[in-house]
Amino acid sequence: MTLTPADADKVLKDNFAPWVLALGLTVEETGDRHAVLRLPWSGELARDGGGLSGQALMAAADTATVIAISAARGGYGPMTTVQQSTSFQRPVAGSDVLIEVRVTKLGKRMAFADVTMTPEGAQDPAATASAVYALLA
């Protein structure tokens, strides 16, 4: 059984710090080993020059990965980021970003995922990431 998007939105509200919630992330889709979240465009998240800050994208990728792992596990459980590597490929300005996470391996104690961050309406990603999580329970 996987989480519904409504269940996953509740995981966000119940388990993340206020500054993460301030990103405005919403869950668009969940599945057995994936999730898609939307990071809405906000000038408050822009850096000098008007592009979305890398820190906002990295926090969104990290958060979306927790949702995807929770969906793969059938519910939320304590976990922590062990490693996240992000590659920025082009700037994002004035567009929401869709963050798609695929859980590539789900073990008893570790989970691995690939993340693609694509501006809405674009074909090419603005950034990609790989992440490793320790599953604590």
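## Close-up views of a predicted chain

**View 1. Residue A6 in helix α1.** With a relative accessibility of 57%, above the 50% over which a residue is called exposed, A6 counts as exposed. The model shown here and in the views that follow is a predicted one. A6 is found in helix α1, the element that covers residues 5-15 and is listed among those giving two or more residues to the largest nonpolar core. A6 is separated from T118 by 112 residues in sequence, and the C-alpha atoms of these two residues are 22 Å apart in space.

**View 2. The whole chain, for orientation.** The chain holds 3 helices and 6 strands, and these follow one another along the sequence in the pattern α-α-β-β-α-β-β-β-β. Its radius of gyration is 14 Å, close to the 14 Å that the globule rule gives for 137 residues, so the chain is as compact as a globular protein of that length. The C-alpha trace spans about 45 × 25 × 25 Å along its principal axes. Of the contacts in the chain with a separation of 6 or more, 61% are accounted for by residues 24 or more positions apart.

**View 3. Surface and charges of the chain.** The accessible surface comes to about 6,900 Å², and carbon and sulfur atoms hold 51% of this area, while 44% of the 137 residues count as buried. The chain carries 11 positive and 14 negative charges, and the mean positions of the two sets lie 10 Å apart.

**View 4. The largest nonpolar core.** This core has 41 residues, of which L39, I99 and M117 touch the most other members. The elements that give two or more residues to the core are α1 (5-15), β2 (34-39), α3 (54-73), β4 (97-106), β5 (110-119) and β6 (127-135), and α3 gives the most, with 11 residues.

**View 5. The surroundings of M117.** Once its neighbours within four places in sequence are left aside, M117 is in contact with L57, A61, T86, V97, L98, I99, P125, A126, A127, T128 and A129. One of these partners, I99, is named together with M117 among the core residues that touch the most other members.

**View 6. Residue A71 in helix α3.** A71 lies in helix α3 and, at 1% relative accessibility, is below the 20% under which a residue is called buried, so A71 counts as buried. The C-alpha atoms of A71 and V92 are 28 Å apart in space, although these residues are 21 positions apart in sequence.

**View 7. Residue E100 in strand β4.** E100 has its place in strand β4, where a relative accessibility of 31% makes this residue count as partly exposed. Apart from its neighbours within four places in sequence, E100 is in contact with A35, V36, D114, V115 and T116. R33 is 67 residues away from E100 along the chain, and a distance of 11 Å separates the C-alpha atoms of the two.

**View 8. Residue T4 in the segment before α1.** T4 lies in the segment that comes before α1, and its relative accessibility of 37% places T4 in the partly exposed class. Between T4 and W19, which are 15 residues apart in sequence, the C-alpha to C-alpha distance is 24 Å.

Notes: Residues numbered from 1 in each chain as written. Predicted model: local features only at pLDDT ≥ 70, side-chain atom pairs only at ≥ 80, totals over all residues. Heavy atoms only, no water. Helix = DSSP H or I, 4+ residues; strand = E, 2+ residues; numbered from the N terminus. Rg over C-alpha atoms; globule rule 2.2 N^0.38 Å. Buried < 20%, exposed > 50% of the residue type's maximum accessible area, 1.4 Å probe, protein only. Contact = heavy atoms within 4.5 Å. Areas by Shrake-Rupley, 256 points an atom, 1.4 Å probe, with all protein chains shown as cover. Lys, Arg positive; Asp, Glu negative; His and termini not counted. Charge placed at Lys NZ, Arg CZ, Asp CG, Glu CD. Core = buried A, V, L, I, M, F, W, Y, C linked by side-chain atoms within 4.5 Å.
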